[in-house]
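Please look over the sequence and the model below before reading on. The text after them walks through a few parts in turn.

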Amino acid sequence: MRDALGALESVLVLGGGSDIAVATVKELAKERTRTVILAGRDTAKLEPVADELRAAGVTTVDLVTFDAAQPDTHQAVIDQVWADHPDLDLVLLAFGVLGDQAAFDADPVSAAEAAIVNYAGAVSSGLVVAQHLEAQGHGTLAVITSVAGERARADNFVYGSTKAGLDAFTQGLGDRLAGTGASVMAVRPGFVRTSMTAHMDDGPMATTADAVARDIVAGLRHGAHTVWSPAKLRYVFAVLKVLPRPVWRKLAAQR
């Protein structure tokens, strides 16, 4: 439950090692968020993250084993989190696989595995979270999608297609929960400098995890259903989405 001044007191992070999620929790800690559950595949790797959050002011950090690639386990894992923490204000769905299109082309099975994580795993866990948020009558599910899902480029169309599906799922789930007290927020970052993109050259209008975190917190504060980061990408993609396909192909190839 939010505190008397409206600050979020508790957060569950699905994909607890995400740079964007960690930056977001640190930003929320400035506003009195004190309980955080980090859920990830390897809890040992989350220990340093937990220490970072405690140093930022979070008083309780629990670590939970969660594998996005195993949707059949999500109900039990998330049910147990709610049993241990019966009232959660925010769930950040922050896991995902970027992958490499050339590798996906050569190994379609690896492409399907990425799709399971990015889309099927998000659908499974997102629906379980929605059950709990609706039952408690408040709380927000914030899903980190990507502008890559707005229009897939040839050089990352598997990743882009999973994010397109995830974004549609997020918007639809938000509409389904309207009027229940629970809400869903889609977060659409552009190119973000993180450990996942460290091997890549900056894309146009590259941003940082800290900047995205500030945009997420601002969106939560204002009850937004969609957050673009940086905000100007909303207008850029309004144009890019309607470009004739030959023009889009040439433009995307220049990146």
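What follows covers one strand with its partners, and then one residue in a helix.

The model is a predicted one. A good place to begin is strand E1, which spans residues 10-14. Five of its five residues are buried, so E1 is largely enclosed by the rest of the structure. In a regular strand, side chains alternate between the two faces of the sheet. In E1, Ser-10, Leu-12 and Leu-14 point one way, while Val-11 and Val-13 point the other way. The residues on both sides are buried.

E1 pairs with two other strands, E2 and E4. Strand E2, residues 35-40, runs parallel to E1, and five bridges link the pair. One of the positions to look for is Val-13, whose bridge partner in E2 is Leu-38. Between these strands comes helix H1, residues 19-29; together E1, H1 and E2 form a right-handed β-α-β unit.

Strand E4, residues 90-93, also pairs with E1 in the parallel sense, here over four bridges. In this pairing Leu-12 of E1 is found opposite Val-91 of E4.

The second stop is helix H5, which covers residues 108-136 and contains Ser-124. Is Ser-124 buried or exposed? Its relative accessibility is 17%, and buried means under 20%, so Ser-124 counts as buried. Apart from neighbours within four places in sequence, Ser-124 is in contact with Pro-71 and His-74. With His-74 there is also a polar contact between the two side chains, at 3.2 Å.

Conventions: Residues numbered from 1 in each chain as written. Predicted model: local features only at pLDDT ≥ 70, side-chain atom pairs only at ≥ 80, totals over all residues. Heavy atoms only, no water. Buried < 20%, exposed > 50% of the residue type's maximum accessible area, 1.4 Å probe, protein only. Polar contact = N/O pair within 3.5 Å; in protein donor to acceptor, adjacent residues only side chain to side chain. Contact = heavy atoms within 4.5 Å. Pairing = 2+ DSSP bridges. Right-handed = clockwise from strand over helix to strand, strands pointing away.
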